[in-house]
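Trainee: Could you walk me through how the inside of this protein is put together? I'd like to start with the core and then pick one helix.

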Amino acid sequence: MSDVGEVLNRDHLPLNWDNPDASDAPSNSDYGAFRRRSPGQRAPSPDSMTLNSQSMPPPPTKPGSPPRSSSESAGRASSSRWRDSLTTTLERRDTYSTAADTNSIVEPNFDENILRALCDLDCGVPLLLDRIKQSMVSCREASVFFKKRAVLEEEYGRSMQKLAKTSMDVYSTSDGKAGSFVTAWQASLRVHEILAENRIRFAQRLNEMSEELATLAKEVDKNRKQTKDLATRYERALSESEMTTEKCKSRFDATAEELERILLQKEGESFKDNAVQGRSPGGGGKRVIGKVAAKGGMLLKGKNPGNLHRQEDDIRSRMSAASDAYRKSVTETQSMRQEYFNFQLPRILRALKECSDEVDLGTQYHLTRYAFLFENTVLSDGSTLAPVGIEEGPGLKATIETIDNRTDFRVYMQNYAYAHGSTPSRGPRRQGPEDEGFLPPLPTFADKTSSAGGSPATSTSQIPDKGRPTFGVDLAEQMARDNAEVPCIMEKCCEAIEKYGLRSQGIYRISGTMTKVTKLKEKLDKDMDSVDLDAPEWATDINNVTSVLKLWLRELPDPLLTYALHQPFIESAKIENDRLRHIRLHERVNELPDPNYATLKYFLGHLYRITQFEPQNQMSVQNIAIVFGPTLFGVATTTNGTNGQSAQADATFQNKAIETILEHYTDIFVDESEDP
C-alpha cells in the first residue's frame, strides 16, 4: 500500500484544480482596457487588442490572486495559439461621427463600473445582446418617423410652392386691380414661396437623418452578430477543452485503479500462506482475495511474480502517460479559462457595450438634431411672416397694410377717364339743345346754397371765414402769423385725442367718416376758434379728429421732416447698428428748422403718450411708425418718373426712422428737468 500512496501522491496532478483561476489570475487594479471613448471614436480592432493584451491586463475574475509565474509560460503559449486561431475581425464603422463634448456630466468612470458589473454577471453577454436589440428597434422606429414626416413636409412644401406660382401666373393674366394691391399681392405670394422652400429643405434634412439612422441600425446589427458568433466560438472551445479534461481524468482514474489492483495482488501472493492458515472457518479471507482478483482480469493470466511485475511496469507506464496528458489538459483548460474570463470576455462585453452606446447616442443625436431643425424651421417661418430687421422686408402683415385703396381708385378713375373720355358715350346725353327737349343744366350745390342762403345746419358755407387758413399753408408761415410755438390745429386736436382717445382701440389706424372729416376740416380752416371738439358730434367718434390731423400733416407744402432732409433721414435709417442709427437720426432731427423741430417735438410727445396705453389701444411703436412714416416724410418729387418706385423703396426706412426716433423720444427731445 505504500507504493500505491506514493503513486497517488506524485505531482502529476495540478495543485489548484479546485481553484483553477488562482494561479493564473493577474492582479490588476487598473482597468486600462475599459477606458471611455467619445461617441466619434472608433472601437479598437481585435488585432490591436491582441497585440496589446500583454500591456492591457484584463480585470481578474477573482480579486487578490497572485500574479502569473514564469513556470506557466507553456500554458500562455498554448493560450496564445488558441486565441490566434479563434480571433475574427470585428470591424466597426462608426456612423455617429459627431464629436462629443469632453466635459460630460457623467462621472468619468461610469463605463468602467458598468463593465466591471457585467464581467461579474453570468448573463452579461445575453443581457447586452437583448439591450442592443431594443436599441435597434428604437432606432428603426425613429428612422421610419423621420421618413414619414419628410413625406408630409415635402408634400406640403411642393403644394404651397405650386399654389403660389399658379396664383401669381393667373393674376398676371386676369383683370384684377393694379396699383398698391398687385404689389402687396405679389409680395405676399413670395412670402408663401419662401415658407414652401423652408419646408422642402426641412424634408430633405429629415430624409438624410432617416437614411443615417437606418444605416446605423444595419451596421450595429452586423457588429452585434459578429461579436455574438465570436463569443459563441470562445464558449464552445472552452466547453470542449473542459470535456477533454474530464476524459483525461477518467482515463487516469481507471489506470490508477488498475495499478492498485495489481499491487494488491502482489501483496496477496506474498502473504498467501499466512492468509490460508489464518482464514476463518467461513473462508472469509479467500473470498476477499477472490473478490479483488475478480475485479481485474489481468490477475487471471497467471500468478507468476515475474508476470505480475511485467504487468505492474506496463500499467505504471500507461499511468504516467495518462498523468502527463491529464496535467497538460488541465493546464491548457486552466489557461483557456483564464484567457476567456480575463481577456476575451471583457473584450466581448466592451465591444457589445460600444455597439449599444453607438446606437443609443446616434439615435439621441438625430432626435436632438430633429428638434433643432424643427425649431429653426418654425422660427424661420415666423421671421419671414414678421421679420425683426429692416433688411428682411416688411413681413406679410405690413405688406398687406400697404394697400391704399383710395389712391388706387383715384389713379384708376383718372386713367379710365383719360382712356374713355374721348369716346362717345353709349348712355343718355347729358346736354343738348332745348328744342330737342333737353332741360337747362341743374345748378351746383354751391350755387344752390349761395342763392338760397342755406342755414348753418345744412351747410358750412355760412361759417364766417376769418382769413386764417391752416390746411395747405406753410408751417413756418402759419406759426409766425398766429404767433404760436406749436400750430394751433395740432395743439387743439392732440388735446382732444388725449382726452377721448387714449384707450380707443386702433387710434390713428382707423379712419373717420369722410363727410364728417370734410366738414370738420372746413370748419377748422375757416374759424378754428369756433370749433368745439368737446361737442358730442366730435367726442363720440374721435377717429374723425385723428383723420383731420393726419390730413393737415399730409397737405403741408413741405412735409414736417422736409424734402431737404428726406434723403439724409433715409440714409441714417439704413444703418444696422441700433446705437449708431439713433445717433445719426438725432443729428438729422437737430438739423430741422425751428418750426419743424418744435412741431415734431410736440407731436412725437403726443404719440409717445399714445404708446403708453398700448394694452388698451393696441398701438405699439411699430404700428404708429407704419401709420405716420409716409405722412411725416411726404412723397419726394422727382423728375424722372420714378416717384412711385422710390416711395415704395423708402417706405420701410421711413417707418424705421419714425420708430427709432419715437423709441428714443426722451433721449432726443426731453431734458432731464422736463417730463415726457
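Mentor: Sure, we'll go through the core and a helix pair in this predicted model.

Trainee: Which residues touch the most other members of the largest nonpolar core?

Mentor: That core has 57 residues. Its largest share, seven residues, comes from helix α22, residues 621-633. The members with the most contacts to other members are Tyr 508 and Phe 603.

Trainee: Which residues of α22 does Tyr 508 touch?

Mentor: Leave out anything up to four places away in sequence, and the contacts of Tyr 508 include Thr 546, Leu 549, Lys 550 and Phe 603. Helix α22 covers residues 621-633. From the contact list of Tyr 508, the ones in that range are Val 627 and Phe 628.

Trainee: Is α17 mostly buried or exposed?

Mentor: Buried here means under 20% relative accessible area. Among the residues of α17 that pass are Asn 543, Lys 550 and Trp 552, and the cover over its buried residues includes α13, α14, α20 and α22. Eleven of the twelve residues make the cut, so α17 is largely enclosed by the rest of the structure: mostly buried.

Trainee: At what angle do α17 and α22 pack?

Mentor: On the α17 side, Lys 550, Leu 553 and Arg 554 make the contact, and on the α22 side it's Val 627, Phe 628, Thr 631 and Leu 632. By type, that's four nonpolar, one polar and two charged. The axes lie 8 Å apart, and the angle is about 35 degrees.

How values were computed
Residues numbered from 1 in each chain as written. Predicted model: local features only at pLDDT ≥ 70, side-chain atom pairs only at ≥ 80, totals over all residues. Heavy atoms only, no water. Core = buried A, V, L, I, M, F, W, Y, C linked by side-chain atoms within 4.5 Å. Buried < 20%, exposed > 50% of the residue type's maximum accessible area, 1.4 Å probe, protein only. Helix = DSSP H or I, 4+ residues; strand = E, 2+ residues; numbered from the N terminus. Contact = heavy atoms within 4.5 Å. Axes fitted to C-alpha atoms, helices over the stretch in contact; angles between N-to-C directions. Nonpolar A, V, L, I, M, F, W, Y, C, P; charged D, E, K, R; others polar.
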